[in-house]
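Here are my notes on this one, written as numbered points. Have the coordinates open while you read.

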Amino acid sequence: MNLPKIVLALGYTGLIPFFIGPVWLSFSPDTAPAWLDQAWLNWAALIGAFMAGTFWGFALPAVQGPSGLLGVFISVVLVALTGIAITLEFALALPGLALVFMLLLLADFWRERTLDTIGGYFRLRSTLTAGVLIAITWRYLMLGSNA
């Protein structure tokens with residue numbers, strides 16, 4: 001089974017906000033509003049929590065077994081780590097969020113092998129996570145000049 005085109009379109013569209021901050025600060029830093037980084041962090045946290053929630057959804061049908069219970073626990077931990085990451089100062093929130101997205105991908109790798117799978121989902125998640133990590137790294141590298 002392949003993922004519907006709308007799922008792919010929405011997934012890739014969700015990457016756009018991750019790149020708005022770094023692009024804006026790279027090409028027109030003097031015009032960037034003071035709220036840009038906070039809005040950017042909020043988006044990253046929303047997506048991180050959303051992805052942890054989807055993990056919960058994958059685990060819930062198997063919750064009666066040990067793998068399902070572990071999946072639900074992993075989901076809750078990932079939401080908590082997302083919440084903790086955005087409470088940190090910006091320079092620490094960035095690597096914190098990068099860690100969350102890497103852990104989400106690692107959790108999906110485990111899920112792909114342990115729980116039910118949807119064809120093409122892990123490939124999409126891997127690609128989108130790579131995009132998120134590129135955007136976070138790009139913004140982190142700019143801290144010295146545009147923090």
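1. Start with α6, where the buried positions are Y121, F122, L124, R125, L128, T129, G131, V132, A135, I136 and R139. Keep in mind that this is a predicted model. Two arginines, R125 and R139, are on that buried list, and both come back below. As for geometry, α6 has 21 residues and reaches 30 Å from its first C-alpha to its last, close to the 30 Å expected at 1.5 Å a residue.

2. What does R139 pair with? Its side chain meets that of D37 in a salt bridge, at 2.7 Å from N to O. D37 sits in helix α3 (residues 36–59) and R139 in helix α6 (residues 121–141), so this pair ties together parts that are 102 residues apart in sequence. D37 has a relative accessible area of 16%, so it counts as buried. R139 is buried too, with a relative accessible area of 0%. I'd look at this pair early on, with the general point in mind that side chains of opposite charge can pair when their charged atoms come close.

3. The salt-bridge count for the model comes to four. Besides the D37 pair, have a look at the network that links D108, R111, E112 and R125. R125 is one of the buried residues of α6, while R111 is placed in helix α5 (residues 90–114).

4. Within that network, R111 deserves a paragraph of its own. Is R111 buried or exposed? Its relative accessibility is 0%, so it counts as buried. R111 forms a salt bridge with D108, the closest N and O atoms being 3.0 Å apart. The two are three residues apart in helix α5, which means about one helical turn separates them. In general, an α-helix has 3.6 residues a turn, so residues three or four places apart point the same way. D108 is buried, as is R111.

5. R111 also has a salt bridge with E112, at 3.2 Å from N to O. The side chains of R111 and E112 are listed as making a polar contact as well, again at 3.2 Å. In this pair the burial differs: E112 is partly exposed because its relative accessibility is 23%, whereas R111 is buried at 0%.

6. Now α5 as a whole. Its buried residues are F90, A93, L94, G96, L97, A98, V100, F101, L104, A107, D108 and R111. D108 and R111, the salt-bridge partners from point 4, are both on that list. How far apart are the end C-alpha atoms of α5? They are 35 Å apart, which agrees with the 36 Å that 25 residues should span at 1.5 Å a residue.

7. T82 is the place to look for packing against α5. T82 is in helix α4 and counts as buried because its relative accessibility is 2%. Leaving out residues up to four places away in sequence, T82 touches A45, G48, A49, L97 and V100. L97 and V100 are among the buried residues of α5.

8. V79, also in helix α4, is partly exposed, with a relative accessible area of 37%. Beyond residues up to four places away in sequence, V79 touches A49 and A52. A49 is also one of the contacts of T82. For a sense of distance, V79 and N42 are 37 residues apart in sequence and 13 Å apart in space, C-alpha to C-alpha.

9. A80 is another residue of helix α4, and it is partly exposed, with a relative accessible area of 40%. Along the chain, 37 residues separate A80 from W43, and their C-alpha atoms are 16 Å apart.

10. Last, the surface. L70, F73, V77, L81, I84, L88 and L92 form a nonpolar patch there, with about 590 Å² of accessible area together. Which helix gives the largest share of the patch? Helix α4 (residues 66–87) does, with five residues. I84, one of the patch residues, is in helix α4 and counts as partly exposed because its relative accessibility is 49%. So α4 has a buried residue in T82 as well as a partly exposed one in I84.

Key
Residues are numbered from 1 along each chain as its sequence is written. This is a predicted model: local features need pLDDT of at least 70, side-chain atom pairs count only at pLDDT 80 or more; totals for chains, interfaces and linings use all residues. Side-chain values use heavy atoms; hydrogens and water are left out. Patches are made of residues with over 30% relative accessible area and no salt bridge: like charges are joined within 9 Å, nonpolar side chains (Val, Leu, Ile, Met, Phe, Trp, Tyr) within 5 Å. Accessible areas come from the Shrake-Rupley method with a 1.4 Å probe; for residues, only the protein chains shown count as cover. Helices (H or I, at least four residues) and strands (E, at least two) are DSSP runs, numbered from the N terminus. Buried means under 20% relative accessible area, exposed over 50%, partly exposed in between (1.4 Å probe, protein chains only). A polar contact is a pair of N or O atoms within 3.5 Å; within protein, one must be able to donate a hydrogen and the other to accept it, and residues adjacent in sequence count only if both atoms are side-chain atoms. The expected span of a helix is 1.5 Å times one less than its number of residues. Contact means heavy atoms within 4.5 Å.
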